[in-house]
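Please open the model in your viewer and keep the selection panel at hand. The stops below are meant to be followed in order, with a new selection at each one.

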Amino acid sequence: MPGTPDQPDFSGLGGGEDQHAADIVQEVVHWYTEQIAAARRAPLPDEERLAQLTAGRTAAYQDLQRLEEADSEEEEDRLAALYAARLRELES
């Protein structure tokens with residue numbers, strides 16, 4: 001349920017101003033991690049899907065590192081908006 005401690009609610013994000021960008025990216029990483037684990041548990045894992053999920057998680061980790069090095073709040077806001085939209089898409 002969105003808004004619970006287990007499932008943060010990012011629905012109010014209009015561009016990242018209400019939530020720190022790293023938290024949003026971490027939530028996307030978590031989603032990918034859960035999906036990878038579920039795909040690996042499948043009786044016949046779909047290697048293509050696993051590769052796509054792993055690539056998505058790797059990109060999110062790279063963006064987390066980029067956030068640590070970001071000089072501007074503008075870059076943080078841009079990544080927060082991007083990942084808030086991605087999270088909504090992934091969870092739909």
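The tour goes from the whole chain to its helices, then to the core and to a few single residues.

**Whole chain, coloured by confidence**

Begin with everything shown, bearing in mind that this is a predicted model. The chain averages a pLDDT of 83, and 79% of the residues score at least 70. Among the helices, the mean is highest in helix 1, at 95, and lowest in helix 3, at 91. Now select residues 13–19, where the pLDDT is below 50, although this stretch has 12 contacts in the model beyond near neighbours in sequence. Where pLDDT is low, the predicted coordinates should not be read in detail.

**Whole chain, as a cartoon**

Switch to a cartoon and follow the chain from the N terminus, along which the elements run α-α-α; there are three helices and zero strands. Of the 92 residues, 29% count as buried. With a surface displayed, you are looking at an accessible area of about 6000 Å², of which 47% belongs to carbon and sulfur atoms. Among contacts between residues at least 6 apart in sequence, 55% join residues at least 24 apart.

**Helix 1**

Select residues 21–41, which make up helix 1. This helix has 21 residues and reaches 31 Å from its first C-alpha to its last, close to the 30 Å expected at 1.5 Å a residue. Show side chains for its buried residues, which are Ala-21, Ile-24, Val-25, Glu-27, Val-28, Val-29, Trp-31, Tyr-32, Ile-36 and Ala-39. What covers these buried residues includes helix 2 and helix 3.

While helix 1 is selected, pick out Ala-38, which lies in this helix. Is Ala-38 buried or partly exposed? Ala-38 counts as partly exposed because its relative accessibility is 34%, whereas buried would require a value under 20%. A distance label from the C-alpha atom of Ala-38 to that of Leu-50, 12 residues apart along the chain, should read 9.8 Å.

**Helix 2**

Move on to residues 47–69, the range of helix 2. Helix 2 has 23 residues, and its reach from first C-alpha to last is 33 Å, close to the 33 Å expected at 1.5 Å a residue. The buried residues to highlight here are Leu-50, Leu-53, Gly-56, Ala-60, Asp-63, Leu-64 and Leu-67. Their cover includes helix 1 and helix 3.

**The largest nonpolar core**

Next, hide the cartoon and show as sticks Val-25, Val-28, Tyr-32, Leu-53, Leu-67 and Tyr-83, which, of the 20 residues in the largest nonpolar core, touch the most other members. Helix 1, helix 2 and helix 3 (73–91) each supply at least two residues of this core, and helix 1 gives the most, with nine residues. In soluble globular proteins, nonpolar side chains tend to be buried together.

**Tyr-83 and Asp-63**

From the core, centre the view on Tyr-83. Which residues does Tyr-83 touch, not counting residues up to four places away in sequence? They are Ile-24, Val-25, Val-28, Ala-59, Ala-60 and Asp-63.

Then re-centre on Asp-63, which lies in helix 2. Asp-63 counts as buried because its relative accessibility is 7%, below the cut-off of 20%. Leaving aside residues up to four places away in sequence, Asp-63 touches Leu-79 and Tyr-83.

**The salt bridges**

Finally, display the charged side chains and look for the two salt bridges that the structure holds.

- Stay on Asp-63, whose side chain meets that of Arg-66 in a salt bridge (2.3 Å, N to O). The two residues are three apart in helix 2, so they are separated by about one helical turn. Asp-63 is buried at 7%, while Arg-66, at 40% relative accessibility, counts as partly exposed.
- Then go to helix 3 and select Arg-78 and Glu-75, whose spacing of three residues in this helix means that about one helical turn separates them. Their side chains meet in a salt bridge (3.1 Å, N to O). Arg-78 is partly exposed, with a relative accessible area of 41%.

Conventions. Residues are numbered from 1 along each chain as its sequence is written. This is a predicted model: local features need pLDDT of at least 70, side-chain atom pairs count only at pLDDT 80 or more; totals for chains, interfaces and linings use all residues. Side-chain values use heavy atoms; hydrogens and water are left out. A nonpolar core is a set of buried Ala, Val, Leu, Ile, Met, Phe, Trp, Tyr and Cys residues joined through side-chain atoms within 4.5 Å. Buried means under 20% relative accessible area, exposed over 50%, partly exposed in between (1.4 Å probe, protein chains only). Helices (H or I, at least four residues) and strands (E, at least two) are DSSP runs, numbered from the N terminus. Contact means heavy atoms within 4.5 Å. A salt bridge is a side-chain nitrogen of Lys or Arg within 4 Å of a carboxyl oxygen of Asp or Glu. Accessible areas come from the Shrake-Rupley method with a 1.4 Å probe; for residues, only the protein chains shown count as cover. The expected span of a helix is 1.5 Å times one less than its number of residues. pLDDT is the predictor's confidence in each residue, from 0 to 100.
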